[in-house]
Every structure is written in C-alpha cells, then in structure tokens.
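Student: I am new to this structure and should be grateful for a close look at a single part of it. Would you please begin with one loop and then relate that part to the rest of the chain?

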Amino acid sequence: MGTLPSAYGADQTLAVTLEDTSAKVILSLYYTVFEQANVITRRAVLTNESQEPLVIRRMMSMMVDLPDLKFDLYTLDGGWIKEAHLHRRPVEYGMMTNSSTTGASSNRHNPAFMLATSTATEDHGHVYGFNLIYSGNHASYIEKSGRDIVRVAVGLNPHCFEWSLGQGESFETPEAVMTFSSRGFNGMSHNMHYFVNEHIVRGNWKKRERPILINSWEAFYFDFDDGKLVQLAKKAKELGIELFVLDDGWFGERNHDQAGLGDYTVNKKKFPRGLKAFADQLRDLGLDFGLWVEPEMVNPDSDLYREHPEYAVGHPTKKPVKGRNQLVLDLCQKAVRDYIVDKVGAILDEAKVSYVKWDMNRHIGEGYSIALKRQGEFYHRYILGLYEVLSRIFRDRPGILLESCSSGGNRFDLGMLCFSPQIWSSDNTDPIARLKIQAGLSYFYPLSSMGAHVSQSPHQQTLRATPLSTRFNVACFGCLGYELDLKHLTPEEKKEITEQIAFYKQYRRVFQYGTFSRLKAEKENKVIWQCVNQNKTMALAGLFQTLANAAEGEERLSVKGLDAGVYSMRTRPQRLHLARFGGLLKHVSPVELNPDGFLLRQANRHYSLADCVEAYQCSAAALSFGIPLPNQFTGTGYNENIRMLGDFGSNLYIIEQLNVEGENDE
Ligand code: GLA
C-alpha cells in the first residue's frame, strides 16, 4: 500500500514526542519549516506500544489557536463547472467546518482556506492560509471560543473513518500546510505559489515551461476516428501547437459514456492502424503525443467488469450505485492496483506517450472493499492505493507530464500536485466563468499548475458568445491549451490564434512562473490580473470586462511590484472581428452591407480591425498608482485607438522597463 506524499526540501524539522505512559501510546508531532516560502507544515504520527488494539476515530494533522483578530473565513466552494468560487463569512462563536465526504478533496469545498482580518484586501492586512497535502476526504474546523480564541484544526475527515492499530503499529496523518502574510491576500498567495513550485511539484517538470496543447474532447467528444484526429493535429501544428492530447473515447467500446472504462486496448474501428502508428504520425508532424485515461473507474458494460466484477467498489449483497454510468475500481485491492499499473504502463510505453491526462469522474458513495476487514479504513486506503498506483506508473517514466483531472477541478489539491505538475481546473472553459474559477484557485495554486484552454464560442455550457481575444487572454493566465474543432476557423481566426500562440511562447515563463497578483479593480465589471517577471522589470496585465456599462467613467490600470524606472506599456495586438458590429458596420463601411448577408460573412472571414491600440511611457510609481485609460467609446465612428471592449471584452498589456535588454524572462 502506498504512502502519503509530503513536501520536500525543507530547512529544518522539529520533532516533538509525547507519550501517554498509562496507555503506552506515543504521539510524534513534526513541525517543518520552509523559510523562503514562509510556510510551516505539521503532521502527526501515533504509535501503539501497548498490547491492546488502539482504535483511532479522529486524528487531525495540525491544530493551532489564534487570538481573534475579527477574522473572516474564506473558502473555495462549488461543484462541477463552478469550481473554487471564493466565499467569505465572519468567524462567529461556535464551530464552522470546511470538509469533503465524496472520496476526493472535491469541488464542493477545496481543502485550502484562509482566515483574514475583516479589513484585509488583496495587498493589505493579515491573512493566514491553510491547506492539506491530501486528495481524499478532508475536514477543517474553525472554532471561536468564549475566550476569543480561534482554534483551527486541519486533517482527515473523521466521517466513516476508523483505523485500528495493533501493537507496534503506527498511523501517520497527511501533512497540513500553514502560512501567514501581513501583505494581504496576494502576499499569502505568493507564499503558497512559491511553496508549490519549490516544495510540492517534483521531477522533470519542476519549473519547466508547459507545452501548448490541443485536446480532442470538446472538438469531437466520442465521435472521431484516426483520420479526423490527424486533420485536427495538422491544423494544430500549423498554428504552432506543441502537443496533441487524445481524450476520452479511444479504447474498448468507449463510443459513449456508458461502456468501455477499464478496457485499455485501442478501439480498432477508430484506429485500424493501432495507437502507436497514429502517435508516430503525430510525432512525424512535429507534435508530442498525450493520452487520456480514467484508470480508477469501470463501466459495468466492459470486458474488465464481465471478467472481474469483484474489482469494483461496493457491498457484495447490495446493488452498486452508479455515477456517470460507472463504478469505482477498488484501489484497496492489490490485484486491482497491479491491473492498472500493468495496463496503463503498457499503453504508455507502446505509444511512447509524453503527457497523460489522468481523470476521475465520479464521487465515491459506498466505501466498501472486499479486501478490508475494517471498512472504516476504506476512504483513506483508497487514496493510499491511488498514490501507490501513480508512483509505480510515473516514477519509472519521469519524462511524462502528468495532468490530473476529476471532472475538471474535483481533485485540485496538494496531494495530486506531488504527482501531477498541472491539474485541469474545470470543464467550464467559458472565459467569463473562468475569471471566477481561476481567480479562486489562484489564492493557493500557482498558474503553472492550472490547465486553461481556449474553446468554442458560444460556449457549450453557458451559450455565452465571447471574443476569441478574451478566451485567450484568460487562458494564458495558466497552462495554455486549445480545445475546439479547428476545422471551421476563419482565415482571420487562424491568424489570430497563430499570433496568440507566438505571444504565449514568448512570455510563457512569466505567465507560468512569474509573480501573479489579483488587482483590486475600481469597477464592479472589471477583473485585473498581472504577472511580474522575476527581475521585476516587466509585467503582463490582463484587464477583463464582464458586462459593458454605457458612458462609464474613467478607468485606471495599475501595475504593482515593478522596480523603479521608466516603462513602456502597450496593448498586445489583437483583432476585432467585423461580425461583432453586425448592422452597425454600415456607419463605417463605404457600401451598405446586409448584416446577415454573404458579403459581410466573407468580409468577416478575411478582414478584421486592430483592437484597442494603446501605448504609454511612464514611471513604475505612476504605474503603481494607476494609468488612466481612454474612455470606452460608445458614440459614432471607429479608429484603432478607440477602446471598444463591449460585453466580455479584454486587453492584455505588456509593460517593459526601457533600456533593459533580454530581461523579460522569469
Ligand atoms: C471529464 C473531464 C473532461 C473530459 C471528459 C471525458 O469530464 O473533465 O475534460 O476528459 O471527462 O469523458
């Protein structure tokens, strides 16, 4: 059975050993200091030295008492396609719980949370951050006592948990993580980002730039064959994409979500030449090859289930409950773990896969394993089994970039980040929805860990139509990918995506590993994000508008954290597509065009306007205070210097110190 992952590269660890001499039980507490990150972690190990069995029903990883500073509690809550929404509530007398019981760290309540003084802002105030290096059921308790002490406890969820220790046996908790900043939420986030990049993510992909990918899922779902995929790959390559990811639907009878999970042999109808030949062809095109798997699951309609129904989680005499038509494979069983390691390992080697998307698409409702005598161990042993399988598969294949996923961000946690340097943030790729999701995740997780893709507009879940520029401007604050059918792109869109990809390649180190901050926007309908390079000589700022307001007052864009000096600030060139104007075009066009006619459609395919061309020179101090931007235009006429954001419009600003060359790296 696997062991718990933990942070590494610490400065020092203090071990405190406590002994209950009458019960003959030893409790060891480990406090580990990560000085540069401003992080202290704690975990606990309980050892039974008596001859009597010791039953553990609740054992937390850490507990701390804080004097009440009029705290607010901030948690990241949600569900499928609305992960990590930030919620705030005052800490009152009594106890509040932030927990998961779904078998995963969950999209309901991420294990990370903050306590902040009620006046704290992004840049000011005292903020305590907490997290847990664990991917299963977690619980944190925040309790304010009558003596105005706020007690915080973080650890495994005691729900359905019971663990028995025989003589000489030990139980180890997951490692809890704590940080503090007097520089507001951004200060806390900077600590956590540094901690994840330095002390959690490990292996070949540590601090390495992540490839730009195309993913087949939103382009085709299950409806593809090798010919269709090769077409997608060729188009992707032309645009500058580096990695092709074959998502769900490539194996067994997986032509829909009711069959095939568990059978990791290639579907011969879709791939008559086999998977290796297909992957080789992609490599010949100059693309790396990545593959989706969901190894923890099985469909009842699969060869694996027909042969081994006992591999599935569930009570032997009760009808199992399905989620997305699937059952969970019982990772408490060694035979199941061996099956997954062999099957997945073989396919990765055969097709020389360089990236894996490891998915997990349901909650675990019936924690029962035929391999266990004590079912109270199920949920924790499941996660230990998962960690074992991941390390056995990927330890010997260090070149593979692993991106974990659980219906999007249902398992976005520090435990998974010890194995997978990046995680798919959400199945919701609508950029306006992503402003909340990525901002929520960014409180604790660095941009290098967040998968973020440009997808189709109107969007599949919200039916919201958004400009291609905004879809990119949001996705580049993360690990960029594209997830749409490229076949129907207009020539203008192709040019635009080619430019986006070239731009991202130039600045990806700053996006992925620079210092990311959320800026307080003065207006309700704006979101501002920025990344500053390591030398503090350049920054990238994204200004996003949700809904447009008529006759909006002056707006300012401030950029913080740069070294003193004079800077140029300019908008990233982006395209304004003619179709956005519809019938309004007649006011600027020499000939009157039918807004729904052939001519305008053709014009839209082949022409676009330059969108918001702005350029300034200013000092770092002025940038920090805020540069007034031209008013958004709502009158008549158009020229390229006019800011026309409209609903869901956005701009990226490039801010570079003048007379400093070659400094726009990390
Ligand atoms: C989950 C993932 C998606 C996709 C599908 C495939 O929903 O989050 O990105 O891989 O599964 O079934």
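Tutor: Thr121 is placed in the loop that runs between strand 9 (109-117) and strand 10 (127-133). The model in which we examine this loop is a predicted one. Is Thr121 buried, exposed or partly exposed? Its relative accessibility is 33%, and because partly exposed covers the range between 20% and 50%, Thr121 counts as partly exposed. With residues up to four places away in sequence left out, Thr121 touches Gly184 and Phe185. Pro5, by contrast, is 116 residues away in sequence, and the two C-alpha atoms are 33 Å apart in space.

Strand 9, on one side of this loop, also borders another loop, in which Ser106 is found; the other boundary of that loop is strand 8 (94-99). Ser106 has a phi near 85°, a positive value in a residue other than glycine. With a relative accessibility of 2%, under the limit of 20%, Ser106 is therefore counted as buried. A positive phi also occurs at Lys352, about 50°, although this residue is not a glycine. Lys352 belongs to the loop between helix 6 (334-350) and strand 21 (355-358).

Strand 10, on the other side of the loop of Thr121, spans 127-133. Two residues with numbers in that span, Asn131 and Leu132, are in contact with Ala176. Ala176 itself is part of strand 15 (residues 175-181). Its relative accessible area is 1%, so Ala176 is buried. Its contacts beyond four places in sequence also include Ile40, Thr41, Arg42, Ser61, Met62 and Val154. How far apart in space are the C-alpha atoms of Ala176 and Thr41, which are 135 residues apart along the chain? The separation is 5.4 Å.

Contacts between residues distant in sequence can also be considered for the whole protein. Among contacts between residues at least 6 apart in sequence, 74% join residues at least 24 apart. Leu401, in strand 22 (residues 401-404), offers a further example to examine. This leucine is buried, with a relative accessible area of 1%. Neighbours within four places aside, Leu401 touches Trp205, Arg210, Pro211, Ser354, Tyr355, Val356, Pro421 and Gln422. Gln36, in turn, is 365 residues from Leu401 along the chain, and their C-alpha atoms are separated by 27 Å.

The next part to examine is helix 10 (residues 468-475), which holds Arg471. Arg471 has a relative accessible area of 9%, below the 20% limit, and is therefore buried. Apart from neighbours within four places in sequence, Arg471 is in contact with Pro431, Val454, Ser455, Gln456, Ser457 and Thr466. Its C-alpha atom is separated by 9.6 Å from that of Ala452, which is 19 residues away along the chain. Ser457, one of the contacts of Arg471, is joined to Pro458 by a cis peptide bond, with omega about -5°. Pro458 lies in the loop between strand 24 (450-455) and helix 10.

These parts may now be set within the whole protein. Its secondary structure comprises 13 helices and 35 strands. The radius of gyration is 26 Å, close to the 26 Å that the globule rule gives for 666 residues, so the protein is as compact as a globular protein of that length. The C-alpha trace spans about 90 × 65 × 40 Å along its principal axes, and 59% of the 666 residues count as buried.

Which residues have the most contacts inside the largest nonpolar core? They are Leu115, Leu246, Trp250, Leu275, Trp358 and Tyr482, in a core of 163 residues. Helix 7 (residues 378-395) gives the most to this core, contributing eleven residues. Apart from this core lies another, of 21 residues, among them Ile528, Leu562, Ile627 and Tyr653. Leu275 is in contact with Leu246, Trp250, Val266, Phe289, Leu291, Ile347 and Ala351, leaving aside neighbours within four places in sequence.

The surface and the charges complete the account. The accessible surface comes to about 26,200 Å², and carbon and sulfur atoms account for 51% of it. There are 73 positive and 79 negative side chains, and the centres of these two sets lie 2 Å apart.

Methods. Residues numbered from 1 in each chain as written. Predicted model: local features only at pLDDT ≥ 70, side-chain atom pairs only at ≥ 80, totals over all residues. Heavy atoms only, no water. Helix = DSSP H or I, 4+ residues; strand = E, 2+ residues; numbered from the N terminus. Rg over C-alpha atoms; globule rule 2.2 N^0.38 Å. Buried < 20%, exposed > 50% of the residue type's maximum accessible area, 1.4 Å probe, protein only. Contact = heavy atoms within 4.5 Å. Areas by Shrake-Rupley, 256 points an atom, 1.4 Å probe, with all protein chains shown as cover. Lys, Arg positive; Asp, Glu negative; His and termini not counted. Charge placed at Lys NZ, Arg CZ, Asp CG, Glu CD. Core = buried A, V, L, I, M, F, W, Y, C linked by side-chain atoms within 4.5 Å.
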